[in-house]
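Here is a friendly walk through one structure, looking at its charged pairs, its aromatic rings and its nonpolar cores. Have the 3D view open as you read.

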Amino acid sequence: MTASSICRKTAAKSAKSRIAAVGTIAVAGALLLSGCGDQTNDKESNAVVDAPLADKLPKDIRDKGVIKVGSDIAYPPVEFKDKSGNTVGIDPDLGEAMGKQLGVRFEFENGTFDTLLGGLRSKRYQIAMSAMTDTKNRQEGIDEETGKKVGDGVDFVDYFTAGVSIYTRKGDDQGIKTWTDLCGKKIVVQRGTVSHDLAKAESKKCKGGKKIAIEQFDNDQQAQTRLRSGGADAGSSDFPVAAYAVKTSGGGKDFQLVGEQVEAAPYGIAVSKKNPELRDAIKAALDAIIANGDYEKIIKKWGVEDGAVKEAKINGGK
C-alpha cells in the first residue's frame, strides 16, 4: 500500500501512487528543502500538524499520521489494483486529496465488501471507503436481508451519487431492459451490495414461479468472469463500475449496458458512531477539496462527472 506525500506539487503528479509512510523530522526537513512549503512535523509524532484541517482530527489519529481505510480493492474504477499492483481509483485519489487537508495519509487495506462494517466495529479500520451506499439500515445497524439489528450502525459522510445498472454480454441482451425482464433468468452480483439486495427484492415480485436465479461472488470481477464465460444471462453493479467494465473488458467487446440505472443513492464514507470527531474531520476535508477544485479534477479524471456532489453530507441516505 502506498500513500501520498503532503507536498502538493509532487503529489499532484502521482495520483495513482503513494509513498509508504509520512516520515519523521528528517523526512519533514527533506520536504522543506525540496520546496514543499513550511509544513512541519510534531517532534513526537508522524502527523503534519500545520495541514489546514489537522486540528480537527482526534489526537491519536493526528499523532500517528494515518487513517486506516477498509476497502474492497477490486471494484474499478472506484478502487482497484493497477498492473503494477498499486491501489488506484476514485476513492484512493479522494483519500489522497483529503489527506493533504488533514495532514495524514489514508492507508487502504483490502477486505471483502461484506466484512468491511464488521472490521469497522472491531476497530480494524477507522473508516470504510468502498463505493458503499449510504442506507438507513446501515446507519442503524440493521441487516438488509433479515431485518435484524446486528450492530450499532455507522455514520456516513456522503461523497458521490450512483445508481445500479444491468449489463449483459455484448450483442446478447436476451431482451433484458428492466429488472422485471430478469424473471426466469440468471444474474451475477457481488455479495452484500445494493445490486444483490435489489436482485433478491425483484425476484420476490416475479410471477408464475419464474424467480431470478442469483449467483453471488466475493467481488465484482469474479461476477464479470462468470458472465463473460456464459455462466449467466446478466450482471449488475453500480453504474460507474458497470460502465467501466463495458468500456474496458475485452477492449470494449465483452459487455453492454442495458436499460437505465435505478436506485440512485449516495456513496458514503463509513465512520463509527462512537467517533463523531473523525466523522466531522472527514466531512470538513471533503468540503475543502470540493471548494478548491481537487474533487472535480478527480471525478473528471475517472469520467464519472454525473455522480459528483456539490457538498459533503452526513447520513443523506434513505
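The side chains of D152 and K274 meet in a salt bridge, with N and O 3.8 Å apart. D152 sits in the loop between α6 (136-140) and β6 (154-169), while K274 sits in the loop between β10 (255-272) and α10 (276-292), so this pair ties together parts that are 122 residues apart in sequence. K274 is out in the open: its relative accessible area is 69%, so it counts as exposed. Keep in mind that you're looking at a predicted model.

Why do such pairs turn up? Side chains of opposite charge can pair when their charged atoms come close. A search of the whole structure finds 18 salt bridges. Here are three of them, side by side.

| Pair | Closest N to O distance |
|---|---|
| K301 and D93 | 2.8 Å |
| D152 and K274 | 3.8 Å |
| R124 and E109 | 4.0 Å |

Let's take K301 and D93, whose closest N and O atoms are 2.8 Å apart. This pair links distant parts of the chain: K301 belongs to helix α11 (residues 294-301), D93 belongs to helix α4 (residues 90-102), and 208 residues separate them. Buried or exposed: which word fits D93? D93 is buried, because its relative accessible area is just 2%, under the 20% cut-off. K301, with 38%, is partly exposed.

Now for R124 and E109, which also form a salt bridge. R124 lies in the loop between α5 (116-121) and β5 (127-128), and E109 lies in strand β4 (residues 105-110), so the pair ties together parts that are 15 residues apart in sequence. R124 has a relative accessibility of 49%, so it counts as partly exposed.

Salt bridges can also join up. D155, K273, R279 and D280 are linked in a network of them.

Back in helix α4, have a look at E96. E96 is buried, with a relative accessible area of 4%. Measure by C-alpha atoms, and E96 and E107 come out 9.3 Å apart in space, with their positions 11 residues apart in sequence.

On to the rings. A pair of aromatic rings is described by the distance of the centres and the angle of the planes. The structure holds 5 aromatic pairs. One of them is Y167 with F255, an edge-to-face pair with 5.3 Å from centre to centre and 65° between the planes. Since Y167 lies in strand β6 and F255 in strand β10, the pair ties together parts that are 88 residues apart in sequence. Both rings belong to buried residues: Y167 has 0% relative accessibility, and F255 has 1%. Elsewhere, F80, Y244 and W302 form one aromatic cluster.

Finally, the nonpolar cores. Which residues have the most contacts inside the largest core? They are I67, M98, L102, F106 and I282, in a core of 44 residues. Two or more residues come from each of β1 (66-71), α4, β4, β6, β10, α10 and α11. Helix α10 gives the largest share, 8 residues. I282 touches I67, M98, L102, F106, V157 and I269, leaving aside residues up to four places away in sequence. There's also a second, separate core of 14 residues, and W179, I187, A199 and C206 are among them.

How values were computed. Residues are numbered from 1 along each chain as its sequence is written. This is a predicted model: local features need pLDDT of at least 70, side-chain atom pairs count only at pLDDT 80 or more; totals for chains, interfaces and linings use all residues. Side-chain values use heavy atoms; hydrogens and water are left out. Helices (H or I, at least four residues) and strands (E, at least two) are DSSP runs, numbered from the N terminus. Buried means under 20% relative accessible area, exposed over 50%, partly exposed in between (1.4 Å probe, protein chains only). Rings of Phe, Tyr and Trp (its six-membered ring) pair if their centres lie within 6.5 Å; planes under 30 degrees apart count as stacked, over 60 as edge-to-face and the rest as tilted. A nonpolar core is a set of buried Ala, Val, Leu, Ile, Met, Phe, Trp, Tyr and Cys residues joined through side-chain atoms within 4.5 Å. Contact means heavy atoms within 4.5 Å.
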